[in-house]
Amino acid sequence: QPVPVDFDRSDVVRRVAVDDVFAACAELKSKGVRIALEPTDYSVCKAAQVLDPDGNTVILHQRADGTCG
């Protein structure tokens, strides 16, 4: 069940560059990590949102051009 993300909260949001957002999200899901937003292809990048054990948002990010940053 997707968990809505409240961006009005002052919590820190972490972003992590990964080689394959879909594979990373599938691996994390198989290990019981809560998925806040399933992987989405935005054409310039792919991204997903997962929640750490404390409920903080972690964005998994993959640029379409293959660069990181």
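In this predicted model, Asp-41 stands opposite Lys-46 of strand 3. Asp-41 is the last residue of strand 2, which covers residues 34-41. Strand 3 covers residues 45-51. The two strands pair in the antiparallel sense, and five bridges join them. Together, strand 2 and strand 3 form a hairpin. Three residues lie between them. Ser-43 sits in this turn and has a positive phi of about 70°. In a regular strand, side chains alternate between the two faces of the sheet.

Charged side-chain contacts were then searched across the whole structure. Two salt bridges were found. One of them involves strand 2, where Glu-38 lies within residues 34-41. The side chain of Glu-38 meets that of Lys-29 at 3.0 Å, N to O. Both partners are partly exposed: Glu-38 has a relative accessible area of 39%, and Lys-29 has one of 42%. Neither residue counts as buried, because that term requires a relative accessible area under 20%.

The other salt bridge links Glu-27 and Lys-31. Here the distance is 3.1 Å, again taken from N to O. Glu-27 is partly exposed, at 43% relative accessible area. Lys-31 is exposed, at 59%. The two partners thus fall into separate classes, because exposed means over 50%: Lys-31 has 59%, whereas Glu-27 has 43%.

Key: Residues numbered from 1 in each chain as written. Predicted model: local features only at pLDDT ≥ 70, side-chain atom pairs only at ≥ 80, totals over all residues. Heavy atoms only, no water. Pairing = 2+ DSSP bridges. Helix = DSSP H or I, 4+ residues; strand = E, 2+ residues; numbered from the N terminus. Salt bridge = Lys/Arg side-chain N within 4 Å of Asp/Glu carboxyl O. Buried < 20%, exposed > 50% of the residue type's maximum accessible area, 1.4 Å probe, protein only.
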